Amino acid sequence: MDRLTISGTREAKSNVTIREVLDKLAKYEDLEEQGKLLKPPFMVGDTVYRVINGFIELCTVRVIFLGDRDENGNQQYIMELHYDREDCLFTSEVVHFPYHSNKIYPTMEEAENELRRQEGSHEQEKEKPETE
């Protein structure tokens with residue numbers, strides 16, 4: 001499909017008609033309704049932050065591919081993450097989305113917030129009195 005807008009803007013090219021815009025929008029809406037419009041959570045090459053075992057791991061997305069639909073009909077994506085450190089015992093891991101989406105974050109700030117949330121919930125568990 002030819003691009004109808006000027007890249008990086010929300011402006012149409014000068015020679016584009018409203019009919020062309022509506023036709024293209026309709027095609028995208030049809031694809032979305034049919035489950036054929038792919039929207040992976042990250043792009044290959046993105047730096048992401050994984051919260052695991054009380055730590056934040058800096059990773060790079062190396063591969064994204066489409067998985068089967070789950071029992072609810074939701075599309076699954078499978079990503080291979082490369083751990084960006086030399087002392088790691090393994091260099092990559094396969095992560096399923098949306099099932100692990102609560103462990104992978106696009107920014108360090110979001111990962112730190114999740115880590116604090118997890119640490120807070122662990123502290124609350126420790127403070128609960130034991131019942132007999």
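**Exercise 1. Identify the residues that make up the largest nonpolar core, and say which strands supply them.**

Solution. The largest nonpolar core has 9 residues in all, namely Phe42, Val48, Cys59, Val61, Met79, Leu81, Tyr83, Val95 and Ile104. The term stands for a set of buried Ala, Val, Leu, Ile, Met, Phe, Trp, Tyr and Cys residues joined through side-chain atoms within 4.5 Å, where buried means under 20% relative accessible area, exposed over 50%, and partly exposed in between (1.4 Å probe, protein chains only). Turning to the strands, β2 and β3 (75–83) each supply at least two residues of this core, and the largest share, 3 residues, comes from β3. Apart from this core lies another, of 5 residues, among them Tyr49, Val51, Tyr105 and Ala111. As background, nonpolar side chains in soluble globular proteins tend to be buried together.

Before going on, note that this is a predicted model, in which local features need pLDDT of at least 70 and side-chain atom pairs count only at pLDDT 80 or more, while totals for chains, interfaces and linings use all residues. Residues are numbered from 1 along each chain as its sequence is written, and side-chain values use heavy atoms, with hydrogens and water left out.

**Exercise 2. Trace the pairing of strand β1 with β2 and with β5.**

Solution. Helices (H or I, at least four residues) and strands (E, at least two) are DSSP runs, numbered from the N terminus, and two strands pair if DSSP finds at least two bridges between them. Strand β1, residues 47–52, pairs with strand β2, residues 55–69, in the antiparallel sense over 6 bridges. Within this pairing, Thr47 stands opposite Thr60, and Val48 has Cys59 of β2 as its bridge partner; Val48 and Cys59 also belong to the largest nonpolar core. The hairpin of β1 and β2 has 2 residues between the strands, and Asn53 takes a positive phi near 55° there. Strand β1 also pairs in the antiparallel sense with strand β5, residues 104–105, over 2 bridges, and here Arg50 stands opposite Ile104.

**Exercise 3. Locate the salt bridges and describe the setting of their residues.**

Solution. A salt bridge is a side-chain nitrogen of Lys or Arg within 4 Å of a carboxyl oxygen of Asp or Glu, and a search of the whole structure finds 2 of them. One joins the side chains of Arg19 and Asp23 at 3.4 Å, N to O; because these residues are 4 apart in helix α1, about one helical turn separates them. Arg19 counts as exposed at 54% relative accessibility, whereas Asp23, at 37%, counts as partly exposed. Another joins Arg117 and Glu114, whose closest N and O atoms are 2.7 Å apart; because they are 3 residues apart in helix α2 (residues 108–127), they too are separated by about one helical turn. Glu114 is buried, with a relative accessible area of 10%.

**Exercise 4. Examine Leu25 and Glu119, asking where each residue lies and how accessible it is.**

Solution. Leu25 lies in helix α1, residues 18–33, and counts as partly exposed because its relative accessibility is 44%. Together with Ile18 and Leu22, Leu25 makes a nonpolar surface patch of about 300 Å². Glu119 lies in helix α2 and, at 42% relative accessibility, counts as partly exposed. Glu119 and Gly54 are 65 residues apart in sequence, yet their C-alpha atoms are 7.7 Å apart in space.

Notes. Patch = residues over 30% accessible without salt bridge, like charges linked within 9 Å, V, L, I, M, F, W, Y side chains within 5 Å. Areas by Shrake-Rupley, 256 points an atom, 1.4 Å probe, with all protein chains shown as cover.
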